[in-house]
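This report considers selected salt bridges and strand pairings in a protein model. The sequence and the structure are shown first.

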Amino acid sequence: MSPDTTPADGPAVEVEQPVPLEEPAEGVPAVVESERALDEAARAVTAGVGPVAIDAERASGYRYGQRAYLVQLRREGSGTWLVDPIAVPDLSPLDAAIGPAEWILHAATQDLACLAEVGLRPRQLFDTELAARILGLPRVGLAAVVEHYLGLRLAKEHSAVDWSTRPLPDPWLRYAALDVEVLGELRNLMGVDLAAQGKDEWARQEFAALLDWTPVERVDPWRRTSGINTLRSRRGVGVVRELWYARDAIARDRDTSVGRVLPDAALVEIAKALPRDTAALPSGHRAIKRYGRQWVEAVERAVTLPEDELPPRTLPSDGPPPPRVWADKNPVAAERLGATRTALTAFAAEHTIPVENVCSPDPLRRVVWSPPEQRDLDGFRAALAGLGVRRWQADIVAPMLVAAFDAHPGA
(Lines give C-alpha, C1' and ligand atoms only; values in the text may rest on other atoms or scores of the structure.)
Protein backbone atom coordinates (compact mmCIF):
# COMPACT_ATOMS: atom_id res chain seq x y z
CA MET A 1 0.00 0.00 0.00
CA SER A 2 1.19 3.53 -0.70
CA PRO A 3 1.57 6.00 2.18
CA ASP A 4 -0.31 9.29 2.38
CA THR A 5 1.77 11.86 4.26
CA THR A 6 -0.39 14.92 3.61
CA PRO A 7 -0.35 17.00 6.83
CA ALA A 8 -3.60 18.03 8.45
CA ASP A 9 -3.52 19.87 11.78
CA GLY A 10 -0.06 18.91 12.96
CA PRO A 11 2.86 16.77 11.87
CA ALA A 12 2.50 14.59 8.82
CA VAL A 13 1.04 11.17 9.65
CA GLU A 14 1.65 8.24 7.35
CA VAL A 15 -1.67 6.65 6.41
CA GLU A 16 -1.72 3.46 4.42
CA GLN A 17 -3.83 3.74 1.29
CA PRO A 18 -5.56 0.71 -0.25
CA VAL A 19 -4.00 -0.74 -3.38
CA PRO A 20 -6.39 -0.85 -6.37
CA LEU A 21 -7.40 -4.35 -7.44
CA GLU A 22 -7.54 -3.79 -11.17
CA GLU A 23 -6.88 -7.07 -12.97
CA PRO A 24 -7.78 -10.70 -12.21
CA ALA A 25 -4.75 -12.91 -11.50
CA GLU A 26 -5.28 -15.01 -14.65
CA GLY A 27 -6.83 -12.22 -16.71
CA VAL A 28 -10.48 -11.91 -17.71
CA PRO A 29 -11.85 -15.30 -18.79
CA ALA A 30 -14.05 -15.79 -21.82
CA VAL A 31 -17.77 -15.97 -21.09
CA VAL A 32 -19.31 -19.44 -21.07
CA GLU A 33 -22.07 -19.30 -23.68
CA SER A 34 -22.53 -22.90 -24.86
CA GLU A 35 -23.24 -26.34 -23.44
CA ARG A 36 -19.76 -27.49 -24.46
CA ALA A 37 -18.11 -24.60 -22.64
CA LEU A 38 -20.34 -25.25 -19.62
CA ASP A 39 -19.19 -28.87 -19.49
CA GLU A 40 -15.58 -27.64 -19.62
CA ALA A 41 -16.26 -25.29 -16.72
CA ALA A 42 -17.88 -28.10 -14.74
CA ARG A 43 -14.86 -30.35 -15.25
CA ALA A 44 -12.54 -27.58 -14.12
CA VAL A 45 -14.61 -26.89 -11.00
CA THR A 46 -14.68 -30.61 -10.21
CA ALA A 47 -10.88 -30.76 -10.44
CA GLY A 48 -10.50 -27.80 -8.05
CA VAL A 49 -10.22 -27.97 -4.28
CA GLY A 50 -11.83 -26.19 -1.36
CA PRO A 51 -14.76 -23.79 -1.28
CA VAL A 52 -16.23 -22.04 -4.32
CA ALA A 53 -16.62 -18.28 -4.51
CA ILE A 54 -19.88 -17.42 -6.26
CA ASP A 55 -21.58 -14.20 -7.33
CA ALA A 56 -24.39 -13.21 -9.66
CA GLU A 57 -25.19 -10.04 -11.55
CA ARG A 58 -28.80 -9.00 -12.12
CA ALA A 59 -30.45 -6.16 -14.00
CA SER A 60 -33.18 -5.33 -11.54
CA GLY A 61 -33.10 -1.62 -12.31
CA TYR A 62 -33.63 -2.35 -16.00
CA ARG A 63 -35.47 -5.66 -16.40
CA TYR A 64 -38.54 -7.24 -14.86
CA GLY A 65 -37.79 -9.60 -12.01
CA GLN A 66 -34.53 -10.65 -10.37
CA ARG A 67 -33.06 -13.19 -12.77
CA ALA A 68 -29.31 -13.64 -13.06
CA TYR A 69 -27.63 -12.32 -16.22
CA LEU A 70 -24.11 -13.39 -15.29
CA VAL A 71 -22.78 -15.96 -12.81
CA GLN A 72 -19.19 -15.85 -11.57
CA LEU A 73 -17.35 -18.76 -9.92
CA ARG A 74 -13.81 -19.18 -8.66
CA ARG A 75 -12.17 -22.17 -7.00
CA GLU A 76 -8.61 -23.00 -6.08
CA GLY A 77 -7.16 -25.05 -8.93
CA SER A 78 -10.10 -24.21 -11.21
CA GLY A 79 -9.61 -20.50 -11.89
CA THR A 80 -12.43 -18.03 -12.50
CA TRP A 81 -15.39 -18.76 -14.74
CA LEU A 82 -17.96 -16.30 -16.07
CA VAL A 83 -21.18 -17.97 -17.19
CA ASP A 84 -24.02 -16.48 -19.21
CA PRO A 85 -27.23 -18.05 -17.82
CA ILE A 86 -29.26 -16.56 -20.64
CA ALA A 87 -27.27 -18.51 -23.25
CA VAL A 88 -27.07 -21.63 -21.03
CA PRO A 89 -30.01 -21.41 -18.60
CA ASP A 90 -29.50 -24.81 -16.92
CA LEU A 91 -26.39 -24.69 -14.74
CA SER A 92 -27.04 -28.00 -12.98
CA PRO A 93 -23.74 -29.44 -14.35
CA LEU A 94 -21.96 -26.78 -12.30
CA ASP A 95 -24.12 -27.59 -9.31
CA ALA A 96 -23.09 -31.24 -9.55
CA ALA A 97 -19.45 -30.22 -9.96
CA ILE A 98 -19.56 -28.13 -6.79
CA GLY A 99 -21.41 -30.84 -4.86
CA PRO A 100 -21.15 -30.44 -1.07
CA ALA A 101 -18.32 -27.90 -1.24
CA GLU A 102 -18.86 -24.67 0.65
CA TRP A 103 -20.09 -21.62 -1.24
CA ILE A 104 -18.62 -18.22 -0.43
CA LEU A 105 -20.98 -15.34 -1.18
CA HIS A 106 -21.31 -11.74 -0.12
CA ALA A 107 -24.88 -10.84 0.95
CA ALA A 108 -26.21 -14.28 0.09
CA THR A 109 -29.90 -13.35 0.22
CA GLN A 110 -29.39 -11.08 -2.79
CA ASP A 111 -28.27 -13.96 -4.99
CA LEU A 112 -29.63 -17.26 -3.65
CA ALA A 113 -33.01 -16.99 -5.37
CA CYS A 114 -31.68 -16.11 -8.83
CA LEU A 115 -28.99 -18.80 -8.55
CA ALA A 116 -31.61 -21.40 -7.61
CA GLU A 117 -33.55 -20.45 -10.75
CA VAL A 118 -30.62 -21.63 -12.88
CA GLY A 119 -30.06 -24.83 -10.89
CA LEU A 120 -27.43 -23.77 -8.35
CA ARG A 121 -28.19 -24.54 -4.68
CA PRO A 122 -25.66 -24.58 -1.83
CA ARG A 123 -25.23 -27.44 0.65
CA GLN A 124 -23.13 -25.23 2.93
CA LEU A 125 -22.11 -21.59 2.66
CA PHE A 126 -20.14 -18.73 4.15
CA ASP A 127 -21.62 -15.24 3.81
CA THR A 128 -18.89 -12.60 4.07
CA GLU A 129 -21.41 -9.77 4.51
CA LEU A 130 -23.16 -11.53 7.39
CA ALA A 131 -19.80 -12.47 8.89
CA ALA A 132 -18.83 -8.78 8.78
CA ARG A 133 -21.98 -7.89 10.73
CA ILE A 134 -21.33 -10.56 13.35
CA LEU A 135 -17.73 -9.36 13.65
CA GLY A 136 -18.95 -5.80 14.18
CA LEU A 137 -17.23 -4.20 11.21
CA PRO A 138 -18.32 -0.58 10.76
CA ARG A 139 -19.00 -1.09 7.02
CA VAL A 140 -20.12 -4.38 5.53
CA GLY A 141 -20.18 -3.76 1.77
CA LEU A 142 -17.84 -6.02 -0.19
CA ALA A 143 -15.46 -3.20 -1.13
CA ALA A 144 -15.21 -2.06 2.50
CA VAL A 145 -14.62 -5.59 3.81
CA VAL A 146 -11.96 -6.31 1.17
CA GLU A 147 -10.20 -3.07 2.08
CA HIS A 148 -10.40 -3.86 5.81
CA TYR A 149 -8.91 -7.34 5.52
CA LEU A 150 -6.71 -7.20 2.44
CA GLY A 151 -5.82 -3.54 2.00
CA LEU A 152 -7.16 -3.65 -1.54
CA ARG A 153 -9.53 -1.23 -3.24
CA LEU A 154 -12.25 -3.04 -5.15
CA ALA A 155 -13.84 -0.89 -7.84
CA LYS A 156 -17.66 -0.83 -7.74
CA GLU A 157 -18.43 1.55 -10.62
CA HIS A 158 -20.22 -1.14 -12.65
CA SER A 159 -22.40 -2.53 -9.85
CA ALA A 160 -25.60 -0.90 -11.14
CA VAL A 161 -25.16 -1.31 -14.89
CA ASP A 162 -27.61 -3.15 -17.15
CA TRP A 163 -26.22 -6.69 -17.01
CA SER A 164 -28.75 -7.85 -19.62
CA THR A 165 -26.62 -6.00 -22.22
CA ARG A 166 -25.15 -8.29 -24.86
CA PRO A 167 -22.31 -8.53 -25.55
CA LEU A 168 -21.08 -7.54 -22.11
CA PRO A 169 -18.31 -4.91 -22.33
CA ASP A 170 -14.83 -6.00 -21.28
CA PRO A 171 -14.62 -3.55 -18.34
CA TRP A 172 -17.81 -5.04 -16.92
CA LEU A 173 -16.45 -8.58 -17.26
CA ARG A 174 -13.23 -7.51 -15.51
CA TYR A 175 -15.32 -6.06 -12.67
CA ALA A 176 -17.36 -9.26 -12.45
CA ALA A 177 -14.27 -11.48 -12.31
CA LEU A 178 -12.72 -9.33 -9.58
CA ASP A 179 -15.84 -9.72 -7.43
CA VAL A 180 -14.90 -13.38 -6.78
CA GLU A 181 -11.12 -12.95 -7.04
CA VAL A 182 -10.40 -12.58 -3.31
CA LEU A 183 -13.48 -14.10 -1.65
CA GLY A 184 -11.58 -17.25 -0.69
CA GLU A 185 -8.81 -15.35 1.07
CA LEU A 186 -11.37 -13.07 2.66
CA ARG A 187 -13.36 -16.03 3.99
CA ASN A 188 -10.25 -17.55 5.61
CA LEU A 189 -9.29 -14.36 7.42
CA MET A 190 -12.85 -13.77 8.61
CA GLY A 191 -13.07 -17.35 9.82
CA VAL A 192 -9.99 -16.79 11.97
CA ASP A 193 -11.51 -13.64 13.47
CA LEU A 194 -14.85 -15.34 14.14
CA ALA A 195 -13.05 -18.08 16.07
CA ALA A 196 -10.85 -15.58 17.93
CA GLN A 197 -13.93 -13.61 19.05
CA GLY A 198 -15.84 -16.76 20.03
CA LYS A 199 -18.42 -16.10 17.32
CA ASP A 200 -17.74 -18.99 14.97
CA GLU A 201 -20.71 -21.01 16.25
CA TRP A 202 -22.95 -17.97 15.91
CA ALA A 203 -21.87 -17.62 12.30
CA ARG A 204 -22.25 -21.34 11.62
CA GLN A 205 -25.88 -21.28 12.74
CA GLU A 206 -26.61 -18.14 10.74
CA PHE A 207 -25.08 -19.62 7.60
CA ALA A 208 -26.96 -22.90 8.08
CA ALA A 209 -30.24 -20.99 8.32
CA LEU A 210 -29.54 -19.39 4.93
CA LEU A 211 -29.62 -22.80 3.24
CA ASP A 212 -33.41 -22.83 3.66
CA TRP A 213 -33.87 -19.13 2.92
CA THR A 214 -36.46 -18.09 0.35
CA PRO A 215 -37.74 -14.61 -0.48
CA VAL A 216 -40.76 -13.59 1.59
CA GLU A 217 -43.91 -13.34 -0.50
CA ARG A 218 -45.57 -10.18 0.71
CA VAL A 219 -49.30 -9.99 1.27
CA ASP A 220 -50.66 -7.23 -0.96
CA PRO A 221 -47.29 -6.09 -2.37
CA TRP A 222 -49.01 -3.05 -3.86
CA ARG A 223 -49.32 -1.63 -0.36
CA ARG A 224 -45.63 -0.70 -0.53
CA THR A 225 -46.44 1.98 -3.12
CA SER A 226 -44.78 5.18 -1.91
CA GLY A 227 -47.38 7.80 -1.04
CA ILE A 228 -50.32 5.42 -0.68
CA ASN A 229 -50.75 6.62 2.91
CA THR A 230 -51.85 10.02 1.57
CA LEU A 231 -55.05 8.47 0.22
CA ARG A 232 -57.79 8.70 2.81
CA SER A 233 -60.45 6.42 1.36
CA ARG A 234 -60.73 2.72 0.62
CA ARG A 235 -61.74 3.67 -2.91
CA GLY A 236 -58.49 5.58 -3.41
CA VAL A 237 -56.49 2.65 -2.08
CA GLY A 238 -58.39 0.36 -4.41
CA VAL A 239 -57.47 2.55 -7.36
CA VAL A 240 -53.79 2.32 -6.44
CA ARG A 241 -54.11 -1.45 -6.25
CA GLU A 242 -55.53 -1.68 -9.78
CA LEU A 243 -52.96 0.78 -11.13
CA TRP A 244 -50.14 -1.19 -9.46
CA TYR A 245 -51.26 -4.43 -11.12
CA ALA A 246 -51.66 -2.68 -14.48
CA ARG A 247 -48.11 -1.32 -14.21
CA ASP A 248 -46.79 -4.74 -13.19
CA ALA A 249 -48.42 -6.35 -16.25
CA ILE A 250 -46.89 -3.74 -18.56
CA ALA A 251 -43.45 -4.25 -16.99
CA ARG A 252 -43.71 -8.02 -17.28
CA ASP A 253 -44.84 -7.89 -20.90
CA ARG A 254 -42.07 -5.46 -21.85
CA ASP A 255 -39.46 -7.15 -19.62
CA THR A 256 -38.56 -3.88 -17.96
CA SER A 257 -38.43 -2.80 -14.33
CA VAL A 258 -41.67 -1.39 -12.91
CA GLY A 259 -39.92 1.82 -11.94
CA ARG A 260 -39.02 2.45 -15.57
CA VAL A 261 -42.67 2.10 -16.58
CA LEU A 262 -44.02 4.63 -14.09
CA PRO A 263 -42.82 5.81 -10.66
CA ASP A 264 -44.96 5.35 -7.58
CA ALA A 265 -45.61 9.07 -7.28
CA ALA A 266 -47.32 9.08 -10.68
CA LEU A 267 -49.55 6.14 -9.68
CA VAL A 268 -50.72 8.05 -6.62
CA GLU A 269 -51.24 11.18 -8.70
CA ILE A 270 -53.50 9.26 -11.10
CA ALA A 271 -55.40 7.74 -8.16
CA LYS A 272 -56.09 11.19 -6.76
CA ALA A 273 -57.24 12.53 -10.14
CA LEU A 274 -59.65 9.61 -10.80
CA PRO A 275 -59.61 10.17 -14.59
CA ARG A 276 -62.52 8.62 -16.47
CA ASP A 277 -60.85 9.08 -19.90
CA THR A 278 -57.32 9.61 -21.23
CA ALA A 279 -57.85 13.36 -21.61
CA ALA A 280 -58.31 13.67 -17.85
CA LEU A 281 -55.04 11.90 -17.01
CA PRO A 282 -52.42 14.00 -15.19
CA SER A 283 -49.51 15.22 -17.29
CA GLY A 284 -45.86 15.30 -16.36
CA HIS A 285 -44.66 11.80 -17.15
CA ARG A 286 -44.61 10.46 -20.70
CA ALA A 287 -45.62 6.94 -19.61
CA ILE A 288 -48.93 8.33 -18.32
CA LYS A 289 -49.89 9.22 -21.87
CA ARG A 290 -48.13 6.25 -23.46
CA TYR A 291 -50.16 3.73 -21.47
CA GLY A 292 -53.16 5.97 -20.96
CA ARG A 293 -55.72 3.33 -21.89
CA GLN A 294 -54.37 0.89 -19.29
CA TRP A 295 -54.45 3.51 -16.54
CA VAL A 296 -58.01 4.58 -17.33
CA GLU A 297 -59.17 0.96 -17.42
CA ALA A 298 -57.53 0.32 -14.05
CA VAL A 299 -59.27 3.35 -12.54
CA GLU A 300 -62.58 2.20 -14.02
CA ARG A 301 -62.21 -1.26 -12.45
CA ALA A 302 -61.63 0.26 -9.03
CA VAL A 303 -64.38 2.88 -9.31
CA THR A 304 -67.01 0.28 -10.22
CA LEU A 305 -66.10 -2.18 -7.47
CA PRO A 306 -68.80 -2.73 -4.82
CA GLU A 307 -67.93 -1.19 -1.47
CA ASP A 308 -67.51 -4.56 0.23
CA GLU A 309 -64.90 -5.62 -2.36
CA LEU A 310 -62.63 -2.64 -1.77
CA PRO A 311 -59.42 -3.31 0.16
CA PRO A 312 -59.08 -1.90 3.68
CA ARG A 313 -56.84 1.14 3.98
CA THR A 314 -54.51 -0.83 6.23
CA LEU A 315 -54.12 -4.50 7.08
CA PRO A 316 -54.72 -5.60 10.65
CA SER A 317 -51.55 -6.56 12.46
CA ASP A 318 -51.15 -10.04 13.89
CA GLY A 319 -48.51 -8.82 16.30
CA PRO A 320 -48.41 -6.63 19.40
CA PRO A 321 -49.13 -2.89 19.23
CA PRO A 322 -46.31 -0.41 18.61
CA PRO A 323 -44.02 -0.14 21.66
CA ARG A 324 -44.82 3.58 22.01
CA VAL A 325 -48.30 2.70 23.32
CA TRP A 326 -47.25 -0.14 25.62
CA ALA A 327 -46.93 2.12 28.67
CA ASP A 328 -50.64 2.89 28.41
CA LYS A 329 -51.92 -0.50 27.30
CA ASN A 330 -49.68 -2.76 29.38
CA PRO A 331 -47.21 -0.94 31.68
CA VAL A 332 -45.69 -4.17 33.00
CA ALA A 333 -44.92 -5.39 29.47
CA ALA A 334 -43.38 -2.01 28.68
CA GLU A 335 -41.08 -2.31 31.71
CA ARG A 336 -40.10 -5.86 30.72
CA LEU A 337 -39.35 -4.82 27.16
CA GLY A 338 -37.29 -1.86 28.35
CA ALA A 339 -35.26 -4.03 30.70
CA THR A 340 -34.61 -6.64 28.02
CA ARG A 341 -33.62 -4.01 25.47
CA THR A 342 -31.19 -2.47 27.95
CA ALA A 343 -29.55 -5.84 28.56
CA LEU A 344 -29.42 -6.56 24.83
CA THR A 345 -27.85 -3.21 24.05
CA ALA A 346 -25.17 -3.76 26.68
CA PHE A 347 -24.43 -7.25 25.37
CA ALA A 348 -24.19 -6.01 21.78
CA ALA A 349 -21.81 -3.21 22.76
CA GLU A 350 -19.62 -5.57 24.81
CA HIS A 351 -19.38 -8.09 21.94
CA THR A 352 -19.22 -5.55 19.09
CA ILE A 353 -22.23 -6.81 17.19
CA PRO A 354 -25.37 -4.98 16.01
CA VAL A 355 -28.30 -5.47 18.39
CA GLU A 356 -30.54 -6.67 15.55
CA ASN A 357 -28.11 -9.48 14.78
CA VAL A 358 -28.45 -10.75 18.35
CA CYS A 359 -32.24 -10.67 18.18
CA SER A 360 -34.62 -9.00 15.75
CA PRO A 361 -37.11 -6.57 17.32
CA ASP A 362 -40.25 -8.38 16.14
CA PRO A 363 -39.82 -11.78 17.88
CA LEU A 364 -38.62 -10.05 21.04
CA ARG A 365 -41.72 -7.84 21.18
CA ARG A 366 -44.01 -10.77 20.50
CA VAL A 367 -42.55 -12.89 23.33
CA VAL A 368 -42.66 -10.02 25.81
CA TRP A 369 -46.22 -9.03 24.87
CA SER A 370 -47.54 -12.62 24.80
CA PRO A 371 -45.16 -14.59 27.04
CA PRO A 372 -45.19 -18.39 27.23
CA GLU A 373 -46.88 -20.10 30.15
CA GLN A 374 -43.51 -21.54 31.20
CA ARG A 375 -41.51 -18.40 31.98
CA ASP A 376 -38.12 -19.96 32.56
CA LEU A 377 -35.10 -20.45 30.33
CA ASP A 378 -36.59 -23.43 28.50
CA GLY A 379 -39.93 -21.71 28.02
CA PHE A 380 -38.44 -18.53 26.60
CA ARG A 381 -35.97 -20.46 24.42
CA ALA A 382 -38.86 -22.46 22.92
CA ALA A 383 -40.97 -19.33 22.38
CA LEU A 384 -38.12 -17.53 20.62
CA ALA A 385 -37.26 -20.58 18.52
CA GLY A 386 -40.88 -20.80 17.40
CA LEU A 387 -40.49 -17.31 15.96
CA GLY A 388 -37.37 -18.19 13.95
CA VAL A 389 -34.74 -17.06 16.46
CA ARG A 390 -31.56 -19.12 16.16
CA ARG A 391 -30.41 -21.29 19.06
CA TRP A 392 -27.36 -19.12 19.79
CA GLN A 393 -29.56 -16.04 19.92
CA ALA A 394 -32.13 -17.69 22.16
CA ASP A 395 -29.37 -18.82 24.54
CA ILE A 396 -28.35 -15.17 24.94
CA VAL A 397 -31.79 -13.56 25.10
CA ALA A 398 -33.69 -16.10 27.23
CA PRO A 399 -31.76 -15.28 30.45
CA MET A 400 -32.41 -11.57 29.81
CA LEU A 401 -36.13 -12.28 29.53
CA VAL A 402 -36.13 -14.34 32.72
CA ALA A 403 -34.39 -11.48 34.54
CA ALA A 404 -36.82 -8.90 33.13
CA PHE A 405 -39.88 -10.92 34.10
CA ASP A 406 -38.47 -11.57 37.59
CA ALA A 407 -37.73 -7.87 38.06
CA HIS A 408 -41.20 -6.87 36.81
CA PRO A 409 -43.68 -9.53 37.95
CA GLY A 410 -47.28 -9.31 36.89
CA ALA A 411 -49.88 -11.05 34.80
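In which sense do strand β5 (residues 49–58) and β6 pair, and over how many bridges? The two strands pair in the antiparallel sense, over 8 bridges. The model is predicted, and the values below are computed from it.

**Strand β6 and its neighbours**

Within the pairing of β5 and β6, I54 has L73 of β6 as its bridge partner. β6 also pairs with strand β7 (residues 79–83), again in the antiparallel sense, over 5 bridges. There, Q72 has L82 of β7 as its bridge partner. The hairpin of β6 and β7 has 2 residues between the strands, and G77 in this hairpin takes a positive phi near 85°. β6 is mostly covered, with 8 of its 9 residues buried.

**Salt bridges**

The structure holds 24 salt bridges. Side chains of opposite charge can pair when their charged atoms come close. Three of the pairs are listed here, among them one that involves strand β6.

| Salt bridge | Distance (N to O) |
|---|---|
| E26 and R74 | 2.8 Å |
| R301 and E242 | 3.1 Å |
| R241 and E242 | 3.5 Å |

The bridge between E26 and R74 links distant parts of the chain, its residues lying 48 apart. E26 is in the loop between β3 (19–21) and β4 (31–32), whereas R74 belongs to strand β6 (residues 68–76). The surroundings of the two side chains can be stated as well. E26 has a relative accessible area of 54% and is therefore exposed, since the cut-off for this class is over 50%. R74, at 18% relative accessibility, counts as buried, because the cut-off for burial is under 20%.

The side chain of E242 meets that of R241 in one salt bridge and that of R301 in another. The pair of R301 and E242 also links distant parts of the chain, with their positions 59 residues apart in the numbering: R301 is in helix α13 (residues 292–303) and E242 in helix α9 (residues 234–254). E242 counts as buried at 14% relative accessibility, and R241 counts as buried at 17%. R301, with a relative accessible area of 39%, is partly exposed.

**A shared network**

Which residues are joined into one network by salt bridges that share partners? E26, R74 and E181 are joined in this way. Through R74, this network includes a residue of strand β6, the strand that pairs with β5 and with β7.

Key. Residues numbered from 1 in each chain as written. Predicted model: local features only at pLDDT ≥ 70, side-chain atom pairs only at ≥ 80, totals over all residues. Heavy atoms only, no water. Salt bridge = Lys/Arg side-chain N within 4 Å of Asp/Glu carboxyl O. Helix = DSSP H or I, 4+ residues; strand = E, 2+ residues; numbered from the N terminus. Buried < 20%, exposed > 50% of the residue type's maximum accessible area, 1.4 Å probe, protein only. Pairing = 2+ DSSP bridges.
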